[in-house]
Amino acid sequence: MCGIIGYVGPRDSVPILLSGLSRLAYRGYDSAGIAVCHEGDIDCRRAHGKLENLIERLKHDPMRGRTGIGHTRWATHGRPSESNAHPQRFGKFAIVHNGIIENFLDLREELRAHGHEFVSETDTEIVAHLISDCYDATHDFAGAVRMALRRVRGSYAIVALCSDFPDELVAARNQCPLLVAVGEGENFAASDLAAVLAHSRQAIFLEDGDIAQIRASSVVITDLSGEHVERKIQSIEWDISAAEKQGYPHYMLKEIHEQPQKITDTFRGRMLEAEGEVNLDENIEKLHLETCRRLQIVACGTSYHAALLGKYLIEQYARIPVDVDVASEYRYRQPIITPDDGFIAISQSGETADTYACLKLARQHGAKILAICNVMDSSIPRAADATFYTRADPEIGVASTKAFTTQLASLTLLAIHFARRKNAIDVATAQRLLRALRAVPQQMERVLEQSDHVRACAQKLLRANSFLFLGRNLHYPIALEGALKLKEITYIHAEAYPSGEMKHGPIALIDDRLPVIVIAPKNPTYEKTLSNLQEVKARGGRIIGIVTQDDDRLTRVCESAFPIEDCEEIVQPFLSVLYLQLLAYHLADLLGNDIDQPRNLAKSVTVE
Ligand code: F6R
């Protein structure tokens, strides 16, 4: 995810900005840049790729200035490139921005009609133009930022420089973290404490709608209408390495807890509940995948589990036949692909060699190709006709968590979109499903509050050397994903079966040494699963259940039961998988394993 740092004070800001950016690098980025106010103008240097490229550029073309802003960018609007890197400049302004401006297309058209021309593909540049227009009318820096942001819809953390105000930064926040770190005769703005902890341990965490006017010796905060607001200065006790993980002991746990926010981000601007419609990028719409004879989804690992869920969802709601394959199998089994087929490649990294090879095969046979991907402009999106970007931000923990749930969010939206286009569901059904999805992030938060309860359960399972995961229908891919998470980071054997398949073989394994993790919330297959569990119970098996809240019948058969709220079936996988991620995490932690870098695993598998 992008990172922001700003400085105003007596020192040269350039080294402070660079060291702040290096502290933000752990978040992942594809370009970086800084800008400073100097002698009535703004100087700016940006570079594509690693921070070292920016540092190298500054060696050959140095600059200095006492007020400055810096940014590490992780592309969302527009490819990773120097021209799309931040700071984005226009007129007397330079700005850095995290987040997504939802109405940027409308704003861009409006500004174009007034003669504005743009040099980048970013939504951020639009904001710089908007601020500049507002400034022309007022000559008030903070006032212009306020006026411009009243026109903006979406999420942002923004820090701006104005060459007419060389001793001032203006920072604004809406739904993206931003703080002001208070120093001795100097102040900082940052998206993340890690960027500023070396300089200050006193921070003001801005709230949505706040605009901060930051000078070396003062910080004045108002709301968007200019009304003064009070914010407390808080003392920070974290050490720097903890701050990078935002206080979590591992990236994986941090990423598990980030999921409600990442689902909100992935849904942002794409759900039109009132109309019962899903709003997709024009490129995706133009593919008309809903008219395809058949959809083929290909992926590896966790992304393959998301693909399996996609099959259930698309077939159930849109009534389009869907085949799902593991990429390494698909590419060598001489699959039948025709130009009437739609092909969907799912990949967090966008670089997985097998998935990429399958995509190229589908291309040779003339299929229409959609990528579902997290990393912008990586190989798979570049080779696809269109890409649905998950907005999980960089995933650092090797065991995938937030990439999976955002892939699931993407597939859910696609299923509803195809279903509406084919008239396979009516407007009222789509409205109901979209409303249910809107509530997912809060419901996820409530599941995550159960983390200690899951840890206590994990404590009792420490001696197990094998696990069986069971689920039916939408919960079978979740069972597979739970077993994979457990294997990856605990190194304990686990396998998953569709609950109804248990009596065809695996039931022979059941005894009191094999914990059976079953996902069985109330849905149309609930009664069937309950009978399967009676079979486990009758053979002395230990059952750990994920159950609908207040489901006493099932809770009674379980050694431990984890509740999810009574909700639409489409919502249940988002909640049940969190328990399985937490269970794997806590077991691995109690076993003392290296959770973020489990043995033998790599984050991006670019070899066959
Ligand atoms: C599991 C995991 C892997 C990846 C797989 C595909 O936690 O991370 O199984 O899901 O290697 O990677 P992507 O999605 O990058 O293609």
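Colleague: Is F93 buried or exposed?

Modeller: This is a predicted model, and the answer comes from the relative accessible area computed for F93. Buried means under 20%. F93 falls under that cut-off and is buried, with a relative accessible area of 1%.

Colleague: Thanks! What kind of aromatic pair do F93 and Y135 form?

Modeller: A search of the whole structure finds seven aromatic pairs, and F93 with Y135 is one of them. The ring centres are 5.2 Å apart, with 80 degrees between the planes. Planes over 60 degrees apart count as edge-to-face, so the F93 and Y135 pair is edge-to-face.

Colleague: How many residues apart are F93 and Y135?

Modeller: F93 sits in strand β6 (residues 93-101), while Y135 belongs to helix α4 (residues 123-138). Y135 also counts as buried, at 3% relative accessibility. The pair links distant parts of the chain, 42 residues apart.

Colleague: And which parts does the pair of F93 and F141 tie together?

Modeller: F93 and F141 form a tilted pair, 5.9 Å centre to centre and 50 degrees between the planes. F93 and F141 are both buried. Because F93 lies in one element and F141 in another, their pair ties together parts that are 48 residues apart in sequence: strand β6 and helix α5 (residues 141-149).

Colleague: Which residues form one aromatic cluster?

Modeller: We have already met F93 paired with Y135 and F93 paired with F141. F165 belongs to the cluster as well. The full list is F93, Y135, F141 and F165.

Colleague: Let's turn to the ligand. Which domains does it lie between?

Modeller: The shell around the ligand tells us, because two domains both give residues to it. The ligand therefore lies between domain 2 (247-438) and domain 3 (444-596).

Colleague: Which residues come nearest to the ligand?

Modeller: There are 15 residues around the ligand. By class, they are five nonpolar, eight polar and two charged. Those that come nearest are S303, S347, Q348, S349 and T352.

Colleague: How far is an oxygen atom of the ligand from an N or O atom in the side chain of S347?

Modeller: For backbone partners, a ligand oxygen is 3.1 Å from a polar atom of T302, and one is 3.4 Å from a polar atom of V398. With S347 the partner is in the side chain, and the distance is 2.6 Å.

Colleague: Last one: how much of the ligand's accessible area does the protein cover?

Modeller: On its own, the ligand has 410 Å² of accessible area. Of that area, the protein covers 90%.

Key
Residues numbered from 1 in each chain as written. Predicted model: local features only at pLDDT ≥ 70, side-chain atom pairs only at ≥ 80, totals over all residues. Heavy atoms only, no water. Near = heavy atom within 4 Å. Polar contact = N/O pair within 3.5 Å; in protein donor to acceptor, adjacent residues only side chain to side chain. Areas by Shrake-Rupley, 256 points an atom, 1.4 Å probe, with all protein chains shown as cover. Nonpolar A, V, L, I, M, F, W, Y, C, P; charged D, E, K, R; others polar. Domains from an automatic or database assignment. Phe/Tyr/Trp six-rings, centres within 6.5 Å; stacked < 30°, edge-to-face > 60°. Helix = DSSP H or I, 4+ residues; strand = E, 2+ residues; numbered from the N terminus. Buried < 20%, exposed > 50% of the residue type's maximum accessible area, 1.4 Å probe, protein only.
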